[in-house]
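Work through the exercises below with the sequence and the model side by side, and attempt each task before reading its solution.

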Amino acid sequence: MADDSFDVIVVGGGPGGYVAAIRAAQLGMKTAVVEREHLGGICLNWGCIPTKALLRSSEINHLLHNLGDFGFSADNIRFDLAKVVKRSRGIAKQLASGVGYLLKKNKVTVIDGQGRLAGPGKLKVGDRTLEAKHIILATGARARQLPGLESDGRLIWSYREAMVPDMMPKSLLVIGSGAIGIEFASFYLNMGAAVTVVEVMDRVLPVEDAEISAFARKSFEKQGMKILTGATVKSAKKGANDVTVTVEVGGKTQDFTVDRVISAVGIVGNVEDLGLEGTGVKVDRTHVQIDGFCRTGEPGVYAIGDLAGPPWLAHKASHEGVLCVEKIAGMDVHPINWTNIPGCTYCAPQVASVGLTEAKAREGGREVKVGHFPFIGNGKAIALGEPEGMAKTIFDAKTGELLGAHMVGPEVTEMIQGYAIARTLETTEADLMHTVFPHPTVSETMHESVLDAYGRAIHF
């Protein structure tokens with residue numbers, strides 16, 4: 001009986017679940033993780049990590065085909081797709097085993113199987129009934145399937161198939177230009193495929209600031225990517241080894257025959273078979289509703305990560321996991337501020353942001369000051385051979401509060417944390433202006449953007 005009784009049970013071992021479990025164990029709580037498939041979840045096994053490995057390979061391929069810019073030359077440049085995929089899968093496997101080690105090190109019990117609520121404080125896993133005062137649901141999400149465009153594993157791919165291709169398509173159509181769609185579009189473009197992106201909204205990367213979105217689109221198209229916005233996929237007809245997709249744009253239809261299609265049109269929360277029926281847990285469009293401390297409407301039941309809604313980011317899930325557990329432990333914690341969670345897209349050029357877009361700030365009735373700085377004015381970016389980019393900052397004109405920061409260009413996914421820290425610390429423009437940025441670094445663009453918002457930019 002003692003082996004089935006815990007202080008905290010976490011259902012799901014992804015970046016939200018396993019982090020929550022480790023933090024609970026650190027705080028002295030007897031903890032278990034129930035995982036039906038693989039520790040590390042989608043992010044580690046089929047998302048964040050392996051895609052970055054693929055994108056790194058595509059960056060190298062791009063550099064190798066542009067060696068002349070750096071004074072080098074090489075003949076017969078080629079790649080082995082199987083080895084590219086094998087490296088990506090190996091990295092995912094390495095990190096997944098690391099999660100298992102961390103859970104064992106922290107004395108977290110790992111239970112294989114599907115967890116289902118079975119009454120107050122109870123969770124059923126197969127024939128076993130576990131008990132805990134606190135149950136955290138961290139079951140994640142899966143790819144949304146469009147009717148008539150369901151992934152078949154061969155001609156129409158979801159992110160899973162796109163991550164382990166058995167062939168390099170000469171032509172590819174990507175449906176959806178959010179982070180997942182654009183990252184795959186960027187990968188395959190830099191590996192030599194002809195890529196077309198179809199987006200139903202009026203711009204690519206629609207959650208980003210409009211200026212950043214426009215800049216990114218211009219860069220993608222300069223690289224050869226074909227982009228259709230305000231476009232709807234009407235049908236897809238499969239051939240022996242290709243797909244003909246009919247797309248409607250501005251009332252007119254166009255047919256595109258491509259080797260493969262990637263569907264990246266959002267995600268659906270894994271709310272099925274969790275035993276939510278008859279509980280106080282409320283579900284809205286496949287996502288569990290929570291308060292600022294990740295509590296559901298059912299006492300003792302919590303939800304974190306993708307299951308609990310946007311933003312669908314691994315670091316948001318991890319943060320929620322820690323916050324949720326620390327609240328359970330009675331610690332003094334602040335409710336999560338979703339606007340302080342940075343978003344990163346690892347396409348080429350990279351895109352990163354935190355806080356409000358300019359449009360959102362103005363819609364909220366704010367009087368704003370906006371600064372820009374182009375990477376073409378930055379010595380390090382030019383030296384890297386990557387001068388395409390921009391930093392944009394948005395401040396409250398009355399208080400100097402940093403409302404939002406948006407970047408596109410080389411390594412901006414590494415730099416955005418500077419602005420994230422600034423927002424967390426409630427930094428003003430004066431603090432940022434008086435911060436000394438090292439030279440030569442691409443991060444100097446961040447400083448110059450702040451200065452530009454107040455008419456003080458030096459190099460622009």
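Two exercises follow, one on nonpolar cores and one on backbone geometry.

This is a predicted model, in which local features need pLDDT of at least 70 and side-chain atom pairs count only at pLDDT 80 or more, while totals for chains, interfaces and linings use all residues. Residues are numbered from 1 along each chain as its sequence is written, and side-chain values use heavy atoms, with hydrogens and water left out.

**Exercise 1.** Identify which residues of the largest nonpolar core touch the most other members.

*Solution.* Begin with the term: a nonpolar core is a set of buried (under 20% relative accessible area, 1.4 Å probe, protein chains only) Ala, Val, Leu, Ile, Met, Phe, Trp, Tyr and Cys residues joined through side-chain atoms within 4.5 Å. Among the 36 residues of the largest such core, Tyr-188, Val-195, Phe-220, Met-225 and Ile-262 touch the most other members. Next, turn to Phe-220, whose contacts (heavy atoms within 4.5 Å) include Ile-182, Leu-189, Met-225 and Cys-347, when residues up to four places away in sequence are not counted. Finally, a second, separate core has 30 residues, including Leu-39 and Val-325.

**Exercise 2.** Locate the cis peptide bonds that precede Pro-311 and Pro-440, and then examine the phi of Asn-76.

*Solution.* First, Pro-310 and Pro-311 are joined by a cis peptide bond with omega about -5°; a cis bond with omega about -5° also links His-439 to Pro-440. Then consider Asn-76, which is not a glycine yet has a positive phi of about 55°, and which is exposed (over 50% relative accessible area) at 59%.
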